[in-house]
Amino acid sequence: KSKKPRSHAEPKMARPHSNLFHTSAEHDAHTASRQKQKIEAEESAAAWPALSEHMWMLAHKSIAADLEDTSFVLERMCCSESIEQWEIDGLKKWWKRVTDNVVLHHRQEEQLVFPKLKERITFPPKVSADHVYLLKLMGKAAAIFDGLESTTTAEDCLAVVDEIEEVMLPHMIEEEETVLPGMMEKFTPDEVIAIESDMSKEFDWCDMPHFYRPFGNDLDKKRQHAQRSFGKPGFVFASFVEQDFVRYEEEYGTLLQELLQPSGERED
């Protein structure tokens, strides 16, 4: 005997009810707990700065800008008939600042950041292996820059900067794609701020201004970010840190601009 087709209006058989909760109070408590967890997760996600202003992204942008600017200066020198002594001395000073920044960044990642992150996340061993190789390249570059004295040696400097870029840029992208997402998922912003605060305690006077190169001359933006990411109160920034930004501009900012486009070569 054929079965009578079930009308769409007729209800389907209900699935057996899971006896997960013995009372409605337990069910309500569980629901409230899940809702709380969801809210906390959403608040945590909302508390993270925009990715473009994340500590790691800013550090990487600064390093990338350093390499790009140095390459531009060297390309200009290579096309010149001769190089003046102030250019040689100025570029050596600038490259030491670039080198010190890279060494600090990688050392802090290995000693302060990665040990904490490895408590909850895993990432490729290649990330640390790259640091070892890059520091060797920076040492090689330091020796070549020490010998800078002519357009010929400027070409040698440019070649080693290109060599560093070929490793550094993919390395930073790999960190951003393999390490940063895990950190933002498994750690709260406050936990990361504590790590960043420890990092800032090791900064020399020029390290924080150099870190904030991507923000240009926007001092208010730098102050707000330092308060949020490094735990620097506004009065501390205004009383102690802000003067370092002024000194940095006088000592390195003006120097870099002059190296990029010497006054004597400007149309204005």
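## Exercises on rings, core and linings

Phe-145 is a buried residue, with a relative accessible area of 2%. Buried stands for under 20% relative accessible area, exposed for over 50% and partly exposed for what lies between, with a 1.4 Å probe and protein chains only. The model is predicted, so local features need pLDDT of at least 70 and side-chain atom pairs pLDDT 80 or more, while totals for chains, interfaces and linings use all residues. Residues are numbered from 1 along each chain as its sequence is written, and side-chain values use heavy atoms, without hydrogens and water.

**Exercise 1.** Describe the aromatic pair of Trp-95 and Phe-145 and place both residues in the chain.

Step 1. A search of the whole structure gives 12 aromatic pairs. Rings of Phe, Tyr and Trp (its six-membered ring) pair if their centres lie within 6.5 Å; planes under 30 degrees apart are stacked, over 60 edge-to-face, the rest tilted.

Step 2. The centres of Trp-95 and Phe-145 lie 4.5 Å apart with 5° between the planes, and this pair is stacked.

Step 3. Trp-95 belongs to helix α3 and Phe-145 to helix α4 (residues 126-146); the two residues are 50 apart, and the pair links distant parts of the chain. Helices are DSSP runs (H or I, at least four residues) numbered from the N terminus.

Step 4. Trp-95 is buried, its relative accessible area being 2%.

**Exercise 2.** Classify the ring pair of Phe-211 and Tyr-212, then name the cluster that holds both rings.

Step 1. The pair is edge-to-face, because its planes stand at 80°, with the ring centres 4.9 Å apart.

Step 2. Phe-211 is buried at 7% relative accessible area, and Tyr-212 is buried at 0%.

Step 3. Phe-211 and Tyr-212 join Phe-203, Phe-215, Phe-230, Phe-237 and Phe-245 in a cluster linked by ring pairs.

**Exercise 3.** Find the rings over which the charges of Lys-93 and Arg-120 sit.

Step 1. The test requires NZ of Lys or CZ of Arg within 6 Å of the ring centre and within 35 degrees of the ring normal.

Step 2. For Lys-93 the ring is that of Tyr-252, with the charged end 5.4 Å from the ring centre.

Step 3. For Arg-120 the ring is that of Phe-187, at 4.2 Å from the ring centre.

**Exercise 4.** Which residues have the most contacts inside the largest nonpolar core, and which helix gives the largest share of this core?

Step 1. A nonpolar core joins buried Ala, Val, Leu, Ile, Met, Phe, Trp, Tyr and Cys through side-chain atoms within 4.5 Å.

Step 2. Of the 35 residues in the largest core, Leu-74, Leu-91, Trp-95, Phe-145 and Ile-164 have the most contacts inside it.

Step 3. At least two core residues come from each of α2, α3, α4, α5 (151-178) and α10. The largest share is that of α5, with nine residues.

**Exercise 5.** Identify the lining of the largest pocket and of the largest cavity.

Step 1. On a 1 Å grid over the protein atoms alone, a cavity is a set of points where a 1.4 Å probe fits but cannot get out; a pocket is an open set with protein on both sides within 12 Å along at least five of seven lines; lining residues have an atom within 4 Å of a point.

Step 2. The largest pocket has 17 lining residues, with Gly-216, Asn-217, Lys-222, Tyr-248 and Glu-249 nearest its centre. Two or more of the lining residues come from each of α9 (219-229) and α10 (234-260). The largest share, nine residues, is from α10.

Step 3. Around the largest cavity stand 13 lining residues, of which Ala-59, Asn-101, His-105, Phe-203 and Phe-211 are nearest its centre. Helices α2 (55-78), α3 (85-117) and α8 (207-211) each give two or more residues to this lining.
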